[in-house]
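User: I'd like to go through the metal sites in this one. Can you take me through them?

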Amino acid sequence: MRAWVVDRPGPMASRPLALIEREVPEPGPGEVLVRVEACGVCRTDLHLAEGDLAPRRPRTSPGHQAVGRVEGTGERVGVAWLRSTCGTCPYCRRGMENLCPSSAYTGWDADGGYADYLVAPADYVHPLPGDVPAERLAPLLCAGIIGYRALARCDLPAGGRLGIYGFGASAHLTAQAAIAQGAVVHAVTRSAASRELALELGAASAGDRPPEPLDAAILFAPVGDLVPAALEALDRGGTLAIAGIHLTDVPVLNYERHLFQERTLRSVTANTRADGRAYLELALAHPPRVTTVPYPFEEAGRALADLAAGQVNGAAVLVKD
Ligand SMILES: [Zn+2]
Ligand SMILES: [Zn+2]
């Protein structure tokens with residue numbers, strides 16, 4: 001089978017990915033073999049390719065938004081970022097399996113969906129409908145689920161004002177979930193195309209800064225320099241949640257300007273299976289508009305380079321012919 005692997009982590013210009021031929025993997029006990037139909041391209045894949053996240057094993061296939069069919073049964077499933085947890089540690093036992101110290105991740109600890117097939121633990125795959133195009137389902141698996149957790153983590157009050165910093169794949173789904181809940185969404189992004197998309201999806205504003213104080217905000221851009229301004233834009237009692245797995249350094253904060261008046265700064269770390277189930281149930285019952293940018297499977301490198309250059313408006317997805 002064909003598989004993209006992270007060969008030599010480095011800037012996209014150094015071509016860190018290689019397309020290789022390898023054996024179709026054998027599912028172990030409790031695992032399923034999935035024939036991949038489409039796989040979403042996430043910024044985390046870019047962090048893995050470029051080495052911002054250190055490799056955990058050599059020549060691993062990235063990709064944790066894989067939609068495919070289970071070999072043997074034909075069941076449609078999605079394979080997301082959270083690959084497995086221990087089930088017995090204090091975090092797992094209190095419903096915080098996203099914090100399990102023994103958790104493993106698709107496309108980092110094990111081969112992911114930038115390949116013709118992958119194996120995954122059956123207990124961690126998400127059942128998906130067979131009659132929706134794979135390209136539309138793939139971005140739900142990380143962009144959607146992580147955005148959903150970030151929305152929960154930012155404690156947005158009912159009808160509140162939400163700032164969204166960076167307007168990529170996850171933001172465009174999260175904005176829709178928030179607007180459906182009655183939130184007033186302000187998108188902060190430099191990209192003209194992303195501003196247009198945000199306004200089309202119902203954002204109240206899209207520009208360089210929010211036009212009013214915010215009750216909550218989510219930082220999707222992996223840029224620590226944005227944290228002070230995002231905290232300053234919060235109203236009293238507001239919360240800023242950082243959605244990404246990687247963030248450049250946060251500049252020195254000033255207590256009075258950035259945190260006093262009970263403003264809160266929070267991270268978002270992966271997701272639980274319950275987050276995944278809750279979001280997918282919502283997204284399948286009330287399908288969001290999923291703006292995808294399809295790339296042929298053979299062009300994974302180009303998809304990641306475009307993402308690095310900020311040239312993807314919506315969610316990039318690798319699709320098979
Ligand atoms: Zn992701
Ligand atoms: Zn655990």
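**Metal sites**

User: What spacing do the donors of the zinc ion (ligand 2) follow along the chain?
Analyst: This is a predicted model, where local features need pLDDT of at least 70, side-chain atom pairs count only at pLDDT 80 or more, and totals for chains, interfaces and linings use all residues. Residues are numbered from 1 along each chain as its sequence is written, chains are lettered from A and ligands numbered from 1 in the order in which they are written, and side-chain values use heavy atoms, with hydrogens and water left out. Donors here are N, O and S atoms within 2.8 Å of the metal (3.2 Å for Na, K and Ca), and since water is not among the atoms, sites may look incomplete. For the zinc ion (ligand 2), the pattern reads C-x2-C-x2-C-x7-C.

User: Which residues coordinate the zinc ion (ligand 2), and at what distances?
Analyst: Each contact goes through an SG atom. The residues are C86, C89, C92 and C100, at 2.3 to 2.4 Å.

User: What geometry does the site of the zinc ion (ligand 2) have?
Analyst: Four donors count as tetrahedral if all angles lie between 85 and 135 degrees. The angles among the 4 donor atoms here are 106 to 117 degrees, so the site is tetrahedral.

User: Is C89 buried or exposed?
Analyst: Buried means under 20% relative accessible area, exposed over 50%, and partly exposed in between (1.4 Å probe, protein chains only). C86 has 32%, so C86 is partly exposed. C89 has a relative accessible area of 12%, so C89 is buried.

User: Which residues coordinate the zinc ion (ligand 1)?
Analyst: The distances are 2.0 to 2.2 Å, and the spacing in sequence is C-x21-H-x77-C. The donors are C42 (SG), H64 (NE2) and C142 (SG).

Methods:
Four donors count as tetrahedral if all angles lie between 85 and 135 degrees; four count as square planar and six as octahedral if opposite donors are over 155 degrees apart and all others between 65 and 115; anything else is irregular.
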